[in-house]
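Me: I would like to learn how to read the contacts and voids of a two-chain model, with the criteria spelled out as we go. Could we begin with charged pairs?

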Amino acid sequence: MRRIALLSLIHDRSKLVASIAGVTFAAVLVLLQMGVYAGFLTISSATITHMGGDVWVMPRGTEVLDSVEILSSGTRSAVGAHPCVSDVRPLVFVWSFIRKAGGTRDSVRVVGVERGRGPIMPWELERGLPSDLEGPGRVAVDAFDLGKLQIQGDPIGARLDIGGQRAEIAGITQGVRSFTLLPFVFTNIRDARRMAGLGDGEANYWVVDLKDPACAEQVMGDIQRNPQLMAVRREDFVTMTQNYWIGGSGVGPALGFSALLGLIVGVVVVGQTLYTMTKDYERELATLKALGATSWELVRFVGWQAGFLALIGSTLGSVIAFMTTGAAAAGGLTIVLSSSVMAVGLGAVILMCVAASFMSIRKVLKLQAAEVFK
Amino acid sequence: MTSELSVLLRAWDVRKTFEDGALQVPVLHGVTLSVHAGQLTLLMGPSGSGKTTLISILTGLLRPSSGKVELCGEPISELGDGQVSAVRRRELGFIFQTYNLFPALTARDNVMEVLRLKGMAAGEARKRAEDALGRVGLADRMKHRPGELSGGQKQRVAIARALASKPRVIVGDEVTGALDGQTALSVMEILRDHVTSSSAVLIVTHDHRLERFADRVVELEDGELAADRAPNRHWTSSRFDIRASQDQGKLP
Ligand SMILES: Nc1ncnc2c1ncn2[C@@H]1O[C@H](COP(=O)(O)OP(=O)(O)OP(=O)(O)O)[C@@H](O)[C@H]1O
Ligand SMILES: [Mg+2]
């Protein structure tokens, strides 16, 4: 039955092309919408993920990474005094102003960490080294933001005015973008505090590394005895931040809706093809039934065709989605086609093809062998 | 004449009434009939007399409203659908006026895929398909698709498909209906050759010229057997025009 099904499908070029286009279209749309969504999730919490740590300490009431509450230096030593804590790393993550070449002011996100502790920040330096940010006023900005910040020519060495402080570009990051589109400015902790107007020893977050992750619960409890402080596991803070931006933004339903539209178009196009195939071959299929083929064997006529369309469409769709992802990255849009995105997306496309077979399978099952003599 | 054992198709008092909504359409009014091995039997009769309905019932494609049907000894009117399918798969070959070949498949694949559906291994099925096509004179047309074959050639592919599994019963409805006179006769010759002492061919037709290939002619009229006679082997095209009879659906 495989040969009959596939040869018949291939025989009808126009239907074949139309239905492959339909599945491909649906696959591309679903994968890209999901990839954009996954990209938003990744971007919104990228700083947390890259900073690492087991427990994040922040002012009580903080909802999202992008809050701008301040922790006093005293709380750092208090947290560090806990016997299970191996390190407490400060993170300055606060918005500030930049004065652009044209004279106008714009907002930026200043990120500062202490060098030599924990993972390297920023995480994707295209030019320069993390150590280059140690000099006074040395910053790294993203290649994509250069135009927005009105920096022309070779950016390395370009002078900036951030939060009233003189700064000089010493590094260029690649694809380090924030969900809010506020340009990231990475610098050393001292300059970050000055640009953000923070006092000595202050920070927005204490990122805590534990000697033993098992004592997280206990450490968090101890820290939270201070009514000013809140301690959250890193994974939970990632989720909180993602929920804040994505959950509250309506972006999820919007992307989901487009993906659904793609699937609906796919169901209609593929369903149409499978149905007309079955209808066109009604007489031949009835003949097979008269010759003793079971209904199950006839269902495989539809099954092979649906499976073939799903396979070709998913493959083409994946290739196009990956190519689009590359092009989108160059344009500053992060699309993440992770293995789970691929699995769920292609799973949806397969389900779509199953749904599209429904009418044809019904038709095949209702086919009367006696029709052969009509 | 023929022994009890060699009866391949048998109907006892078969009645059929179609229910068309509230409308009852009685078509067969108690047909009792046996089709014997070693014979080519023609089933004739005016249009609407119930010929197609009768062979559908004899082959288990339709269920009789009452009466009993046996196909190669199996009481198919009493078996479940799955069992009837299995009997058909084993014992029957069909040929149709409209050929019913898959246009995307070559002549060989059309024959071969049916054998595959009947459970035959690919290599064996290919060999059998090639043999069968050779027997109907299409050895040089194996790789042609139906669209590249004439009507007569297509019908020969359909016959090869019916023959290839070596069924004991071959049933055809108007198998020559779409063919010109000469081609019709050559197709009948092939079917005639298939009749052996253990197999039977039952053909529905309006064409009296086919009588020369037959061993027996059964005539149906208004859903009842009107005649069961020896063939008249002297019908010729000058006395009878196939097309005219088909258009009127009546015998002259
Ligand atoms: N499924 C059905 N429902 C209702 N009536 C039917 C059905 N099938 C056949 N009939 C009726 O049964 C009668 C016999 O039909 P059948 O097809 O058996 O005739 P036939 O002898 O084969 O005619 P022809 O020579 O034109 O093919 C016709 O009046 C037809 O309208
Ligand atoms: Mg008929």
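Reply: A salt bridge is counted here when a side-chain nitrogen of Lys or Arg lies within 4 Å of a carboxyl oxygen of Asp or Glu. Side chains of opposite charge can pair when their charged atoms come close. Over all chains, a search of the whole structure finds 35 salt bridges. The model is a predicted one, in which local features need pLDDT of at least 70 and side-chain atom pairs count only at pLDDT 80 or more, while totals for chains, interfaces and linings use all residues. Residues are numbered from 1 along each chain as its sequence is written, chains are lettered from A and ligands numbered from 1 in the order in which they are written, and side-chain values use heavy atoms, with hydrogens and water left out.

Me: Which parts of the chain does the salt bridge between Glu114(A) and Arg76(A) link?

Reply: Helices (H or I, at least four residues) and strands (E, at least two) are DSSP runs, numbered from the N terminus. In the pair of Glu114(A) and Arg76(A), the closest N and O atoms are 3.0 Å apart. This pair links distant parts of the chain, with Glu114(A) in the loop between β3 and β4 of chain A and Arg76(A) in helix α4 (residues 73-80) of chain A, 38 residues apart. In chain B, Glu70(B) forms a salt bridge with Lys68(B), whose closest N and O atoms are 3.8 Å apart.

Me: How many residues does each chain bring to the contact between chain A and chain B?

Reply: Contact means heavy atoms within 4.5 Å, and by that criterion 24 residues come from chain A and 27 residues from chain B. Buried area is the accessible area (1.4 Å probe) that two parts lose on being put together, summed over both; for chain A and chain B this comes to about 2300 Å², with 68% of it on carbon and sulfur atoms.

Me: How many salt bridges cross the interface of chain A and chain B?

Reply: The rule finds three salt bridges across the interface of chain A and chain B, including that of Asp109(B) with Arg3(A), where the closest N and O atoms are 2.3 Å apart. On the side of chain A that touches chain B, α1 (2-11), α9 (282-290) and α10 (295-330) of chain A each supply at least two residues, and the largest share, seven residues, comes from α9(A).

Me: What are the volumes of the largest cavity and the largest pocket?

Reply: On a 1 Å grid over the protein atoms alone, a cavity is a set of points where a 1.4 Å probe fits but cannot get out, whereas a pocket is an open set with protein on both sides within 12 Å along at least five of seven lines, and lining residues have an atom within 4 Å of a point. Grid points are joined across faces, edges and corners, and a volume is the space filled by probe spheres set on the points. The count comes to four cavities of 30 Å³ or more, of which the largest has a volume of about 70 Å³; its lining includes Asp66(A), Phe93(A) and Trp245(A). The largest pocket has a volume of about 780 Å³, and of the 39 residues that line this pocket, the closest to its centre are Ala370(A), Glu371(A), Ser56(B), Leu61(B) and Leu62(B). With five residues, α1(B) gives the most to the lining of the largest pocket.
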